[in-house]
Amino acid sequence: MRDMMIAALLTVMWVLVSPQQAARPQPPPVPAPAPQPPPGTALGPEPFTMRVVTSGLAGPWEVLLGPDGKLWVTERAGKRIVRVNPADGATTTLVTIPDVLQTIAQDGLLGMVLHPDFGLKRASDYVYVAMTYDADRGPRELRRLKIRRYTFDSTKGTLGNPLDVLANLPAFTDHVAGRLTIGPDRKLYLSVGDGGFNQFAVYCSPINAQVVPTRADVAARNWPKVYQGKILRVNLDGSIPVDNPLIAGVRSHIYSYGHRNPQGLTFAPDGRLYESEHGPSMDDEVNRIEAGKNYGWPYVAGRQDDRVYVYANWSKSAPDACASLKWDAIVAPASVPQQKETAWSAPDFVPPIQTFFTVDPGYDFNDVNATIAPSGTLVYSFANGVPGWANSLLVTSLLRGVVYRVKLSAAGTVVGDPLAYFRTDDRFRDLAFSADGNTVYVATERNSHQHAGAILAFTYQP
């Protein structure tokens, strides 16, 4: 919801032109007042060609390259897992999941990952997905998130035998997150958003990203409140790993906390876990995730620098009750408690390794929003692929129509400034790499202007 609302409000887009577009005739610019663009991102110099692999998908959300050489894709709104031939775009349906609940902009069939032994041992041909569902069997809708496992039948080319691994996880009308991956430790990692609380229609609901479970919560499986704004680490059978971190003296599925809307989650070959998450109209984050650490939300957005972001806790408004107030994204009423970033401290706080974008006081958000709305994130580790790209983190943008490349050091820190690639007038949701690393496959949202519900292939041309 957040990223769609921001997109609808933007009247001026900060335009980045890719190398392949620069050679084409461009229409004359439309006269407009000069905006205040966020700090610029330079264009990557490497040449790529672009082609449309397939289009017309119903909200492709996750795309990954399977061991069969095909692209495996979840359709958030289509409630299907499909397999796409990257050579000719031929698409086949592996399974349709009618009990997926999809009624808003961020719910539906979301993350997907294949078992590490997929294709090697038929008994382990498992596919795990994250999906929202209605947990109430009556007329009332109770949106929840779950991890489900399917078994692939290579003879029939279908997915069946559904098994719910972990259910009753939080999912609300906004900030669902839902990215799913498997680590080198063979554990499932799932990102869970904060529900979009403290803004828009739910501005009176408190953010629970800092709330951690008690032993009683764990015993009662009270996940919907205490797992908001978290990254979970889960055994393949849904149980709590015995080596999960102790947070406030309690071991649960929680691996890290203090997150807003983490839609990107990926492992590097060295075992480091990276995440990208949406900021509050500024300070989108790229984080290196460590066990038991706190990533600051809602007390900190981006770095703890007191530059622009101030935490306004609408739910604690007094003496005027929150319900009596009108939501304002820019100025909170005097009755709403406000707190600067440096007024909060936590010994386990970890700042981001990269932000998009940190702006200065006085920045006019009515001109251009200082956000990229990051979604899919993947580590590029091909030594013989695109020159200079090895050990880079690629991040798709829902608002800028580009993929950002963040160069990493051997220690997992950022080297230099991000570069932007593959500019189109689309909303980029997720990405995957070809087996040789020379092609980047990018999934676009179904409400993209140029290539709706498509898989695009950008191939390096030396």
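A residue counts as buried under 20% relative accessible area, as exposed over 50%, and as partly exposed in between. By that scale Cys-204, at 29% relative accessibility, is partly exposed because its value falls between the two limits. The model described here is a predicted one.

**The disulfide**

The structure contains 1 disulfide. Cys-204 and Cys-322 are its two partners, with an S to S distance of 2.1 Å. The link is left-handed, at -95° about the S-S bond. Distant parts of the chain are connected by this pair: Cys-204 belongs to the loop between strand S12 (188-192) and helix H3 (215-219), while Cys-322 belongs to the loop between strand S20 (310-312) and strand S21 (338-340), 118 residues apart. Cys-322 has a relative accessible area of 8% and is therefore buried, whereas Cys-204 is partly exposed.

**Lys-146 and its surroundings**

Strand S9 (residues 143-153) includes Lys-146. With a relative accessible area of 6%, this lysine is buried. Its side chain makes a polar contact of 2.7 Å with the side chain of Asp-164. The charged end of Lys-146 also sits over the ring of Tyr-133, 4.0 Å from the ring centre. Beyond residues up to four places away in sequence, Lys-146 touches Val-129, Ala-130, Met-131, Tyr-133, Asp-164, Leu-166 and Ala-167. Asp-164 and Tyr-133 are thus both among the contacts of Lys-146.

A charge over a ring is also found at Arg-149, whose charged end sits over Tyr-126. The table sets out both cases.

| Charged residue | Ring | Distance to ring centre |
|---|---|---|
| Lys-146 | Tyr-133 | 4.0 Å |
| Arg-149 | Tyr-126 | 3.7 Å |

**Ile-97**

Ile-97 lies in the loop between strand S6 (91-96) and strand S7 (109-114). Its relative accessible area is 1%, so Ile-97 is buried. Leaving out neighbours within four places in sequence, Ile-97 is in contact with Lys-79, Leu-109, Met-131, Arg-148 and Tyr-150. Met-131 appears in the contact list of Ile-97 and in that of Lys-146. Between the C-alpha atoms of Ile-97 and Ile-81 the distance is 8.4 Å, and the two residues are 16 residues apart along the chain.

**Strands S24, S25 and S26**

Of the 5 residues in strand S25 (residues 403-407), 4 are buried, and the strand is mostly covered. S25 pairs with strand S24 (residues 392-397) in the antiparallel sense over 5 bridges. These two strands form a hairpin with 5 residues between them, and Gly-401 in the turn has a positive phi of about 65°. S25 is also joined to strand S26 (residues 419-421), again antiparallel, by 3 bridges. Arg-405 in S25 is the bridge partner of Leu-394, and Arg-405 also stands opposite Leu-419 in S26.

**Aromatic pairs**

The count of aromatic pairs comes to 31. One of them is the edge-to-face pair of Trp-389 and Tyr-421, with 5.0 Å centre to centre and 70° between the planes. Trp-389 lies in the loop between strand S23 (374-380) and S24, and Tyr-421 lies in strand S26, so the pair ties together parts 32 residues apart in sequence. Both Trp-389 and Tyr-421 are buried. They belong to a cluster linked by ring pairs, whose members are Phe-48, Tyr-380, Phe-382, Trp-389, Tyr-421, Phe-422, Phe-428, Phe-433, Phe-458 and Tyr-460.

How values were computed:
Residues numbered from 1 in each chain as written. Predicted model: local features only at pLDDT ≥ 70, side-chain atom pairs only at ≥ 80, totals over all residues. Heavy atoms only, no water. Buried < 20%, exposed > 50% of the residue type's maximum accessible area, 1.4 Å probe, protein only. Polar contact = N/O pair within 3.5 Å; in protein donor to acceptor, adjacent residues only side chain to side chain. Contact = heavy atoms within 4.5 Å. Disulfide = S-S within 2.5 Å. Pairing = 2+ DSSP bridges. Phe/Tyr/Trp six-rings, centres within 6.5 Å; stacked < 30°, edge-to-face > 60°. Lys NZ or Arg CZ within 6 Å of the ring centre and 35° of its normal.
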